[in-house]
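Colleague: I should be grateful for a close look at a single part of this model, the nonpolar core and the helix that contributes to it. Please give the cut-offs for each term as you proceed.

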Amino acid sequence: MNGRLGYKASFLRVCRLSLIASALGICCLYAAPTQTLDEARITSTLEKRYGERAGMRARAWFKVLSESVSVSEQDKLFKVNNFFNLFRFVDDIKLWGESNYWATPMEFIGVNGGDCEDFSIAKYFTLLQLGVPEDKMRITMVKATSVNQYHMVLAYYETPSSIPLVLDNLDHVIKPATQRTDLLPVYSFNGKQLWLNKEQGRGVLAGSSTRLEKWNDLNHRLGVDRLRQPKLKLE
């Protein structure tokens, strides 16, 4: 038990510094609709940049996409959440050599790890690719009261008035926000808008996500043309 609590504290301490620093800074990323992806090119590029196992992960990711096209949105959440929660948690300073780097989904898959925002971002874009409307999703910063630290998760709203479901890499089970009393929402965003959250619901609209500059930087690096090499090799 002490080991698990120590892991949680370390895990969330890293996220706190990264998320607080970027909370008022992210520019807009207007998420593209589902598009046809060049599986051969993406897989080959990741393999060349990060190694053979990166290519295997890319093929596994495409398999998740192909198997999830015709299933319900709930099943899409389950499959995507489970897939990415197999990846390793590593703080940015160790992995990328800087304290607040937001990896693209392709970088995350390539290196096989990242910190809390990288898990949430990868899940968000994968679900977009599977046709889940961005209006149903929020990348959400929360405060984990159990360890008094900050953390990032992905929230899914089945309807505008629904209690969101939480996709988290700390607690791997998808649960309604009302069952995650350890998480207090602070702010949330998607490709269009930014909300300030004061309760377990949708929150108060605070304007466009153009306020978030790291989101804009991420937008410019999407795909496989601007892949960054990590400072730490995980395999």
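Modeller: A nonpolar core is a set of buried Ala, Val, Leu, Ile, Met, Phe, Trp, Tyr and Cys residues joined through side-chain atoms within 4.5 Å; buried means under 20% relative accessible area, with a 1.4 Å probe and protein chains only. The model is predicted, so local features need pLDDT of at least 70 and side-chain atom pairs count only at pLDDT 80 or more, while totals for chains, interfaces and linings use all residues. Residues are numbered from 1 along each chain as its sequence is written, and side-chain values use heavy atoms, with hydrogens and water left out.

The largest nonpolar core has 51 residues, of which L46, F84 and W215 touch the most other members. Its largest share, eight residues, comes from α7. Helices are DSSP runs of H or I with at least four residues, strands are runs of E with at least two, and both are numbered from the N terminus. A second, separate core of six residues includes V142, A144, V166 and A177.

W215 leads to helix α8 (residues 213–221), where W215, L218 and R221 are buried. These three cover an arc of only 120° around the axis, which puts them on the same side of α8; the arc is that of the directions from the helix axis to the C-beta atoms. An α-helix has 3.6 residues a turn, so residues three or four places apart point the same way. The cover over the buried residues of α8 includes α6 (105–111), α7 (116–129), β3 and β7 (183–189), where contact means heavy atoms within 4.5 Å. After α8 comes G223, with a positive phi near 95°.

Notes. Buried means under 20% relative accessible area, exposed over 50%, partly exposed in between (1.4 Å probe, protein chains only).
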